[in-house]
Each structure stands twice: as structure tokens, then as C-alpha cells.
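Me: Could you take me on a close tour of one part of this protein, the nonpolar core and the pieces packed around it? I'd love to see how the parts fit together.

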Amino acid sequence: MSKWIDKELFDDFQKEKTEEKDSDGFRSANVWATPEKGTTENPKVYEGRFLPDPKGKFYKRFYYHMWQSADESWNFVLCNKTHDWKNYCPLCSATQKLFKGDDNDVKQAYAIKRKEKFVGNWFVVKDPRDADKEDDSKVSGTLKIYEFPAKLEQKLKKEITDKREGYGAEIFDPGEDGRNFIIRVLSTKKDKNGKIWPDYSNSSFSRSRSAIADSDEKIDAIMKECVDIDEYINNLSTPKPKVVDVMKAEFLWDLIMDEAVNQGYEDDGSEPEPKDEEPKAEAKEDPKEPEDTPPWDEDEPKAEAEEPKDEPKDEPKDEPKDEPKDEPKADNGDSDEDLLAELADM
Ligand SMILES: [Zn+2]
């Protein structure tokens, strides 16, 4: 190494780069872009195959908190209940406390509350967006990670659990017994707020079986690209000190400090990072700016706001770990999510 390079600094940099996650803290670049919606009559149609991960696992549910700060920056915190329903999550706890507060508190509760998605490996067979892309950026024929909404998961679950009529493991089989999933995205009619939402209800598994490639070697090559789903979710995790910082910046830390400290979250005594109270005007004018893009596409219509009876003080006691049935739907209406959808549509 020459004198022009500071070896120590380079070693530090190398370490930093080695430990760097391939996502920007939110998502991996390999995540399939959320399908776009067609019209109320003509769906946009996408086709692909769900595939098991290298350990043979199929897909997983995860919970997260995502909301926009006053300065319009986005916050993402993986919910600890992703791993075990009994886990303590400071954001879930703050949500419960805010729901008992005044109107502003309730509004904030809706913004920060837990949301749900599923993630699995997805071999893209057909993506109509390829038509506008250069050959080297087309996604058809490639392996992606698909973070999909509960609406679509219902379709998979039905095939898996209906032992008489369901397609069972065929929906994950890359070989000639496998079946593609056809995602048909319509637009809903305008709701009373004038919003249009994607409607996935016509999506279905293919009635015919097919292999995703014409030789075992090619299928093996595709399977080798599949991503370990547990690892993928772990990479979304937010370190505890970062969670504390985020909660301080949102003035939520004091609400839950005592219990959070008991749970191993440390308050280092630092002041919250100053944030601009005023939204940046120029950011609004140019929604294409990367920092103004929501890090996560919300793609489900949100029901009207309900009483938050489902942010339980008592966690469901006898729920199996992975199937929190009483889990509140992530789609109780709130303006933050409307905003998200709006931005996602831009
Ligand atoms: Zn949570």
C-alpha cells in the first residue's frame, strides 16, 4: 500500500463496507417492485412462481412500523413481534399508550402502529413493466424477493390449507408439477376520499402446471439464487440504540422509557436530533427526489378508522407463536397511509 493511502482508515472503511448490509437499512435492491394497478376494467397482469428458500422454508410474515416524521423523512422499525408474539416492542407499547390519549395522540398512534407483510422468493415469469426497459434491466426470468400484502397471502394460504381442493406444495414447486401465480391488479373505484386502490381479488394460481425452466440444470441455477428468508428479515432489524434515537426524535421515548430500559434499551442521555418542524416545500414539489420516496410501498386499501380495540393491552395468551389470529389488521384507515399510497402512486 502506498504512502498516499492511510492504511488504518482503509482498514476501518473496509470493515464498514464488509459489515454493511446490502440494503440501505430498509430494503434489499433485489426486492421486486410492487405491481402497478390497471384500470377498474382491465387489470395489469404479472406472473411468477413462489419458491422455497435455501433451507426449504416457503415464506414468512413480518411486522413493521413505518411512518413519516414532521420533516417528511421516513422511519422504519422492524417490529420485534415478527420473531415472537411475546416479544416486547417499544413501538407497539407506545401505540397502545397513545390510543388512550387525546386526538393528536390517537392520530400519531395510527401513524406508528404495527403493519404486516409477507416475504418470499419469487421467480418473475412475466412483468409488463419490462416492455419499457432496456434488456439488461428486465426482470422477467430473474429471481426476486417479493414482499406481499395479506390480501395475496390469503390466496396462498387457501391452497396450502385446503387439503382436498388446494394445490398444496405445487404452488412452490419449480419443476413441471409447479404452478405460477398470476397477479391481476385492478383499480378500485374512487373511495369517498377520492382515492383509488389496487384490487388483487382476481389473482389466482395457474390452472396448468409448468416448470420454470426447460432443464434441471437451469432450475438448479435459479434455486441457488433464492434468499434465506430468516436472514432477510433479520437484516431488516433495527438496532436498539437506533430505535431509542428514533423514539426520542418523535417524542415517544418518555412514554415508554421505564419499561424499555427494563427490556435492555439504553438511554444514553443524548438529546433528540433536531428535525425541521416545517415540511420542506421543495420536496413536495419534486416527489421524485429519493429522500421523498416512501421506502415502502403501501398497496392495500385502508378501511375506515376503527376504535383501536385490537391494540390489546393484554397480548393474546394462547395464540400459537406464528399465527396471531387476533392480530389487528394493518389497514385501519389513517391519513399517513393515505399519504403513503399517494406517494407510491407518483
Ligand atoms: Zn411493534
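**The core and the helix beside it**

Reply: Happy to. The largest nonpolar core has 26 residues, and those with the most contacts inside it are Val77, Cys79, Leu91, Ala94 and Met247. Two strands and four helices each give it two or more residues: strand 2 (59–68) and strand 3 (74–78), along with helix 2 (90–99), helix 3 (103–112), helix 7 (240–249) and helix 8 (253–262). Please keep in mind that this is a predicted model. In soluble globular proteins, nonpolar side chains tend to be buried together.

Met247 is a good place to zoom in. Leaving aside residues up to four places away in sequence, Met247 touches Pro90, Ala94, Leu252 and Trp253. There is also a second, separate core of 25 residues, which includes Phe50, Trp122, Leu143 and Val185, but let's stay with the largest one.

Helix 2 makes a handy guide here. Its buried residues are Pro90, Leu91, Cys92, Ala94, Thr95 and Leu98. These buried residues of helix 2 pack against strand 2, strand 3, helix 3, helix 7 and helix 8. Two of those partners deserve a closer look.

Take helix 3 to begin with. Helix 2 and helix 3 pack with their axes 8 Å apart, at an angle of about 150 degrees. Because angles over 145 degrees count as roughly antiparallel, that is how helix 2 and helix 3 are described relative to each other. Helix 2 passes helix 3 in a left-handed crossing. On the helix 2 side, the contact is made by Leu91, Ala94, Thr95, Leu98 and Phe99, while helix 3 supplies Asp105, Val106, Gln108, Ala109 and Ile112. Sorted by class, this contact between helix 2 and helix 3 has seven nonpolar, two polar and one charged residues.

Now turn to helix 8. The axes of helix 2 and helix 8 come within 9 Å and cross at roughly 135 degrees, which makes helix 2 oblique to helix 8. Here helix 2 passes its partner helix 8 in a right-handed crossing. Pro90, Ser93, Ala94 and Lys97 of helix 2 make the contact with Leu255, Ile256, Glu259 and Ala260 of helix 8. By class, the contact of helix 2 with helix 8 has five nonpolar, one polar and two charged residues. Ala94 is worth finding in your viewer: it takes part in the contact with helix 3, in the contact with helix 8, and it touches Met247.

The loops joining these elements hold some details too. Glu72 sits in the loop between strand 2 and strand 3, and has a positive phi of about 75 degrees although it is not a glycine. With 17 other C-beta atoms within 10 Å, Glu72 is partly exposed. Phe251 lies in the loop between helix 7 and helix 8, and its phi, near 55 degrees, is likewise a positive value in a residue other than glycine. Phe251 counts as exposed, with 10 C-beta neighbours inside 10 Å.

To place all this in the wider chain, there are ten helices and eight strands. Buried residues make up 27% of the 346 residues. Of the contacts with a separation of 6 or more, 70% come from residues 24 or more positions apart.

Conventions:
Residues numbered from 1 in each chain as written. Predicted model: local features only at pLDDT ≥ 70, side-chain atom pairs only at ≥ 80, totals over all residues. Core = buried A, V, L, I, M, F, W, Y, C linked by C-beta atoms within 7 Å. Buried ≥ 20, exposed ≤ 12 C-beta atoms within 10 Å, placed from the backbone. Contact = placed C-beta atoms within 7 Å. Axes fitted to C-alpha atoms, helices over the stretch in contact; angles between N-to-C directions. Parallel < 35°, antiparallel > 145°, perpendicular 65-115°, else oblique. Left-handed = near helix turned anticlockwise from the far one by under 90°. Nonpolar A, V, L, I, M, F, W, Y, C, P; charged D, E, K, R; others polar.
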